[in-house]
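Thank you all for coming; I would like to walk you through a structure that may be new to most of you. Please take a moment to look at it before I go on.

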Amino acid sequence: VRVSRVGFPQRFLHDLFVARYGLLNVRDARKMTVKEQCESLLLALETRGILERDASVQVGCTKVFLKGAAFDVLEARRAEKVEMATIIIQSFARAYFARRRLVNALKAIVTIQCSVRQYFAWKRVHKRRRNCAATTISAYYRRFYGRRWYRATLFIAVWFQRWYRGQVERKRCNALNQVRKAILIQKAWKQVYYHRQYQNMKRSAMIIQCLVRRNIAKQELESLRQ
């Protein structure tokens, strides 16, 4: 009651005070006791001109006593600190979510690019396969047509060679037959000619013999008559 009457309506245990206002301390007080942390916090606030320690704040054995003005100042500073921390956390959170959205957007863009490139690559491959297939079909068709044309040409050439050789051989055979027939005709004609000549010579010889014999006989007959 006397403390409240003196003007220290706000009272905090050391650990609660440190837990509530410790964020206002710029010093590293992790290795200090709770009371030392309270003293360090109040000293830092006094050094920065935020509080007048002896007039508005008193540190007891287990508690920290605050006047209304000091409490308002600490709450305002704590609110500012919390607000700044909130803004920083929000900025980090927004940066994190913006970064995540950017990463997701980049992933989506990369996925879309991959899909588009895959589609165009598939179109190019399909076109190349179609061209390759058309080239293969054209090559097979040309080979088939060329082979067919070659076989037809070969057949015609062979048939023409056979016909030409047949014509040549037939002409040669006809010529040989004509020569052979001419030889046979000549042989037959010569045989008839020489046979006729022989017959004529034989007849002439017989006539001559008959004449010679008649003359001889006539002379013998005349000699006998004499």
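Let me begin with a single residue: does tyrosine 96 count as buried, partly exposed or exposed, and what is its relative accessibility? Tyrosine 96 counts as partly exposed, because its relative accessibility is 43%, and phenylalanine 97, at 44%, counts as partly exposed as well. These two residues form an edge-to-face aromatic pair, with 5.5 Å from centre to centre and 65° between the planes.

I should say early on that this is a predicted model, with a mean pLDDT of 81 for the protein, where 71% of the residues reach 70 or more. Among the elements, helix α1, residues 2-6, has the lowest mean pLDDT, at 50, while helix α5, residues 68-225, has the highest, at 89.

As for the overall layout, the protein has 5 helices and 3 strands, which run α-β-α-α-α-β-β-α from the N terminus on. Of its 226 residues, 13% count as buried, and the accessible surface comes to about 19500 Å², with 60% of that belonging to carbon and sulfur atoms.

Coming back to the rings, a search of the whole structure finds 7 aromatic pairs. One of the pairs is formed by phenylalanine 160 and tryptophan 163, and it is tilted, at 5.8 Å centre to centre and 35° between the planes. Because phenylalanine 160 and tryptophan 163 are 3 residues apart in helix α5, about one helical turn separates them. Phenylalanine 160 is partly exposed at 46% relative accessibility, and so is tryptophan 163, at 40%. Finally, ring pairs link Tyr119, Phe120 and Trp122 into a cluster.

Definitions and conventions
Residues are numbered from 1 along each chain as its sequence is written. This is a predicted model: local features need pLDDT of at least 70, side-chain atom pairs count only at pLDDT 80 or more; totals for chains, interfaces and linings use all residues. Side-chain values use heavy atoms; hydrogens and water are left out. Helices (H or I, at least four residues) and strands (E, at least two) are DSSP runs, numbered from the N terminus. Buried means under 20% relative accessible area, exposed over 50%, partly exposed in between (1.4 Å probe, protein chains only). Accessible areas come from the Shrake-Rupley method with a 1.4 Å probe; for residues, only the protein chains shown count as cover. pLDDT is the predictor's confidence in each residue, from 0 to 100. Rings of Phe, Tyr and Trp (its six-membered ring) pair if their centres lie within 6.5 Å; planes under 30 degrees apart count as stacked, over 60 as edge-to-face and the rest as tilted.
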